[in-house]
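The following questions and answers examine how several descriptions of this structure are justified. Each answer sets a value against the criterion that applies.

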Amino acid sequence: MTLRDVIGNKEALSALEGMIREGRVPHAMMFYENDGCGAMEIALAFLGELMSSERKVCGLIHPDVHYVYPVAAGSKVKEKVDKLRADLFLGYWRDLMKANPYSLESEVNDAFGVEGKQTVINNAEAKEVLETVYLSPVEGGWKAVVVYLPEKMNATAANRLLKAVEEPPEKTVFIMITHAPEKVLQTISSRCQALRIHPGTKEEVAQILVSRFGKDQGEAELAAAMSGGSVGAALLYLSGEEGRKEYEEIFVGLMEAIESKDLVTALTFGDAMAALPSREKQKAFCKFASDVLRKVFLVQQGLPGIAGLVPGEEEWVARVASNGKKSFPRQALSCLDRARLMIDRNVSQKIVFSDLVGRMYTLY
């Protein structure tokens, strides 16, 4: 995989090609993507060209590329918290990213066996990076550190890495891949050259699904329409995993109760949200509901053609759009964003979702 093989994000790819061609590679870069939009694939393609070793880099076996990602003790790796390091999960990471570099954050957690736990990049990992980055490169060229989700780096680890990120050894590059740049510690993000990795168009997502993953053209177009530009989300939709059907049943039931002005029943659906088995699944439900509300908003604006409605959605999305206030989708989206923030802060899920239901009930 080279930069020329990557589908979409032509401006970002052109900028990266120019860096290599002109010999002006920043010492640290931050790729900002929506979950599953291909920043990892672009990072690997860029490093493959920079290091003149496409096969090793894209195969995740280059000895001078070090990977950092948030981890936790779980079913596959049982280790004391202060000794957890990315290397302990490297086999799972390689298998997942070689099969699908568009993998979602939740899929990474599943692969590591840490679903439902708070993952972090800790001080032990920062120490490991510092010990690695100042060694001479095995192959005598560039060295790279790829940091997946630097927003999950704790303050101690970030401060320990700061000097290396700011002034790394010669021919060393840090690439950060974030889904939430506003959560990355300012001392780290301010040292990085920012590069936005945009969601793909429906045509680009469908093309990737067909050419890279062998999907049927028809199902690829359907998945692309509801993916929000995320290949990872489209693949998840096609796989039927992550409880999409369950999310749909909860959200449809909630909206029917709200339409009927039945607060007691609506609150039972809040309990169903709180009963989802992990924080990641609860946040995934909030994202699903947000995607549906964006469709409601577009239908309200008379733009159903670009709403990405899938079969079976048209009728009830149209009903919510016509019966609710024009301001409902926008205000409800803010409520869902707030709920996700509270989940990240480990607030009681029952309180979070009871509050969410009450706010949506009032707004509708």
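**Cysteines and disulfides**

Q: How many disulfides does the rule give for this predicted model?
A: The count is zero disulfides, a pair of cysteine sulfur atoms within 2.5 Å being required.

Q: Why is Cys37 not in a bond with the closest cysteine sulfur?
A: The closest cysteine sulfur to that of Cys37 belongs to Cys58 and lies 19 Å away. The cut-off is 2.5 Å, and therefore the two sulfurs are too far apart for a bond. Taken from Cys58, the closest cysteine sulfur is that of Cys37, again at 19 Å and too far for a bond.

Q: Is Cys37 called buried or exposed, and what value decides this?
A: The relative accessible area of Cys37 is 8%. Buried means under 20%, so Cys37 is buried.

**The sheet**

Q: What is the order of the strands in the open sheet, and what is their pairing?
A: The five strands follow the order E2-E3-E4-E1-E5, and the pairing is parallel.

Q: What makes strands E2 and E5 the edge strands?
A: Strand E2 (65-68) and strand E5 (193-197) each pair on one side only. Between neighbouring strands of this sheet the average turn is 20 degrees, direction ignored.

Q: How do you know that E1 pairs with E5 and with E4?
A: Pairing requires at least two bridges. Strand E1 (residues 28-33) has five bridges with E5, in the parallel sense, and E1 and E4 are likewise joined in the parallel sense over five bridges. On the E5 side, Phe31 has Leu195 as its bridge partner, and Met30 stands opposite Ala194. On the E4 side, Ala28 stands opposite Phe174.

Q: Why is E1 described as largely enclosed by the rest of the structure?
A: Five of the six residues of E1 are buried, and E1 is therefore largely enclosed.

**A covered helix**

Q: What makes helix H5 mostly covered?
A: Helix H5 (residues 105-112) has eight residues, of which seven are buried. The buried residues are Glu105, Ser106, Glu107, Val108, Asn109, Ala111 and Phe112. They pack against helix H4 (90-99), E3, helix H11 (231-239) and helix H14 (279-300).

Q: Which residue follows H5, and what is the sign of its phi?
A: Gly113 follows H5, and its phi is positive, near 75 degrees.

**A helix pair**

Q: Why is H16 called roughly antiparallel to H17?
A: Helix H16 (residues 328-344) packs with helix H17 (residues 349-363) at about 170 degrees, and their axes are 10 Å apart. Angles over 145 degrees count as roughly antiparallel, so H16 is roughly antiparallel to H17.

Q: Which residues make the contact, and of what classes are they?
A: H16 contributes Phe328, Gln331, Ala332, Cys335, Leu336, Arg338, Ala339, Met342 and Ile343. H17 contributes Val352, Phe353, Asp355, Leu356, Arg359, Met360 and Leu363. By class, the contact has twelve nonpolar, one polar and three charged residues.

Key
Residues are numbered from 1 along each chain as its sequence is written. This is a predicted model: local features need pLDDT of at least 70, side-chain atom pairs count only at pLDDT 80 or more; totals for chains, interfaces and linings use all residues. Side-chain values use heavy atoms; hydrogens and water are left out. Axes are lines fitted to C-alpha atoms, for helices over the stretch in contact, and angles run from 0 to 180 degrees between N-to-C directions. Helices (H or I, at least four residues) and strands (E, at least two) are DSSP runs, numbered from the N terminus. Angles under 35 degrees count as roughly parallel, over 145 as roughly antiparallel, 65 to 115 as roughly perpendicular and the rest as oblique. Contact means heavy atoms within 4.5 Å. Ala, Val, Leu, Ile, Met, Phe, Trp, Tyr, Cys and Pro count as nonpolar, Asp, Glu, Lys and Arg as charged, and the others, Gly among them, as polar. Buried means under 20% relative accessible area, exposed over 50%, partly exposed in between (1.4 Å probe, protein chains only).
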